[in-house]
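Hi everyone, and thanks for making time for this. I'd like to walk you through a structure that may be new to you, so please have a look at it first.

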Amino acid sequence: MTRPAARGGSRTSADRLARLLNLVPYLLARPGIEIAEAAGDLGVTERQLREDLELLWVCGLPGYGPGDLIDMAFDGDRVTITYDAGIDRPLRLTPDEALALVVALRMLAETPGVANREAVERALAKIEDAAGDLVGAPVAVRLPGDTRQVEALRAAVEGGRALRITYYTAARDETTERTIDPLRMLMVGGRAYVEAWCRRAEAVRLFRADRIDAVAELDEPAVVPPQARPHDLTEGVFRPSADLPLITLRIGRGERWITEYYPCERVEAGDGDQWLVSLRVTDLGWARRFVLGLGPEVSVVSPVELAEQVRATAAAALEAYAVPAPTVASDPIGSDGAEPPTGAPSADPAVAGQPR
């Protein structure tokens, strides 16, 4: 019964030792830092950090006199190392730590919208040089989506060039040609976007990179009007508002993922396992396609217009399936050149004795 606890305690002690060995160089580089800020950087509570500092006070070089111990000064909630006892260099990265850091930096360098990619690449080069063979294994980092499109968009943003794009708008289920003046690249919800002044809409628009079917850089600079302002995306791309249509769906257990994937205004328990879910949508055309793509456990409660659209589209689809396929006339001479067997029906209505 005590063995798992002992292993856990050993792991905790090892973690604390590593933290203590890194704590002195960290504090040396930040004299007078607030304890709350240091605790946040190190990922521990203020209480744990104070306990670590108390332990450091009795650590030091052999000799074990007061002059051999680590010393520090406190000024209110600030701390400064006054004697480091030779523990002034941070620990070297382990192979796993070095590889994790390299992968993270490579991902950051590939992320659209990073303000200073050169600084990221310089830091990456330093870590790779210091780690040497520790990160020698080939690691390819790729963001989801069309990498070529993202690179073309990023180059246009950095070069200040206008673009002509072919874009699919999911809300209206249409593809259009647009000329845009890029403002910035960004990542929202794991997807790459280019924010740009759209000359067709005469407004700032967000374009998902994976919905851009074609992109061509124009031989002209991007000209962004002074009234153009970037969107506030702190709460995501889609921001429901009271002026958008509100739809209510009755969903079964298998479709409850909707409440996690889409911002819902109201979720109520219905009969049995059913829920009533209300959410805002950009328009009813998108909502119709959305509902039709769901399973049989979903039905429209309101508005009536949406229910009628879904019903009409589903009925049209069923009617298309109900029309029999046209009969293909066959040659009375078989594929092998022989006549068909005596008494075999002919596909030609006249031969079969049927009216044309």
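**A walk through the model**

Let's start with one contact: the side chain of Arg-280 meets the side chain of Glu-265 in a polar contact of 2.6 Å. Before I go on, please keep in mind that this is a predicted model.

Let's stay with Arg-280 for a moment. Where is Arg-280 found? The answer is strand β11. Is Arg-280 buried or exposed? Its relative accessibility is 15%, so Arg-280 counts as buried, because the cut-off for buried is under 20%. Arg-280 also has a neighbour on the backbone side: a polar atom of its side chain lies 2.7 Å from the backbone oxygen of Leu-244.

Now to the sheet around it. Strand β11 belongs to an open sheet of four strands, and the order across that sheet is β10-β11-β9-β12, with antiparallel pairing. Which strands are at the edges? They are β10, covering 264–269, and β12, covering 299–302, and each of them pairs on one side only. From one strand to the next, the twist averages 25°. As a reminder for anyone new to sheets, strands pair through backbone hydrogen bonds, in either a parallel or an antiparallel way.

Let me pick one pair out of that sheet. Strand β9, residues 246–251, and strand β11, residues 275–280, pair in the antiparallel sense, and six bridges hold that pairing. If you want to find a bridge on your screen, look for Ile-251: its partner in β11 is Trp-275.

Just after the edge strand β12 there is something to look out for. A cis peptide bond joins Ser-302 and Pro-303, with omega at about 0°. Pro-303 sits in the loop between β12 and α9, the helix that spans 304–322.

Next stop: strands β5, β6 and β7. How many bridges pair β5 and β6? There are eight, and the sense is antiparallel. One of the partners to look for is Arg-191 in β6, which is the bridge partner of Val-188. On to the next pairing: β6 and β7 also run antiparallel, joined by six bridges. Here Cys-198 has Ala-203 in β7 as its bridge partner.

Why is β6 described as largely enclosed by the rest of the structure? Because seven of its eight residues are buried.

The turn after β6 is worth a look too. β6 and β7 form a hairpin, with four residues between them. One of the residues in that turn is Glu-202, and its phi is near 55°, a positive value in a residue other than glycine. Glu-202 has a relative accessible area of 60%, so it is exposed, since exposed means over 50%.

That loop between β6 and β7 also brings us to charged pairs. In general, side chains of opposite charge can pair when their charged atoms come close. How many salt bridges does the count give? It comes to 12 salt bridges. I'll show you a few of them.

Arg-199 takes part in two that I'd like to point out. With Asp-181, Arg-199 forms a salt bridge of 2.8 Å, N to O. The pair links distant parts of the chain: Asp-181 is in strand β5, residues 174–188, and Arg-199 is in the loop between β6 and β7, 18 residues apart. Asp-181 has a relative accessible area of 1%, so it is buried, whereas Arg-199, at 32%, is partly exposed.

Arg-199 meets Glu-220 as well, in a salt bridge of 3.0 Å, N to O. Again distant parts of the chain are linked, with Glu-220 in strand β8, residues 212–221, and the two residues 21 apart. Glu-220 counts as partly exposed because its relative accessibility is 31%.

Back in the region of strand β10, Arg-266 and Glu-268 meet in a salt bridge of 3.1 Å, N to O. Arg-266 is partly exposed at 39%, and Glu-268 is partly exposed at 36%. There is a network too: salt bridges that share partners join Arg-161, Glu-217 and Asp-219.

Last, a nonpolar spot on the surface. Which residues make this patch of about 350 Å²? They are Leu-55, Trp-57, Val-58 and Phe-74. Leu-55 lies in helix α3, residues 46–56, and counts as partly exposed because its relative accessibility is 32%.

That's my tour. Thanks for listening, and I'm happy to go back to any part of it.

Key: Residues numbered from 1 in each chain as written. Predicted model: local features only at pLDDT ≥ 70, side-chain atom pairs only at ≥ 80, totals over all residues. Heavy atoms only, no water. Pairing = 2+ DSSP bridges. Axes fitted to C-alpha atoms, helices over the stretch in contact; angles between N-to-C directions. Patch = residues over 30% accessible without salt bridge, like charges linked within 9 Å, V, L, I, M, F, W, Y side chains within 5 Å. Areas by Shrake-Rupley, 256 points an atom, 1.4 Å probe, with all protein chains shown as cover. Salt bridge = Lys/Arg side-chain N within 4 Å of Asp/Glu carboxyl O. Buried < 20%, exposed > 50% of the residue type's maximum accessible area, 1.4 Å probe, protein only. Polar contact = N/O pair within 3.5 Å; in protein donor to acceptor, adjacent residues only side chain to side chain.
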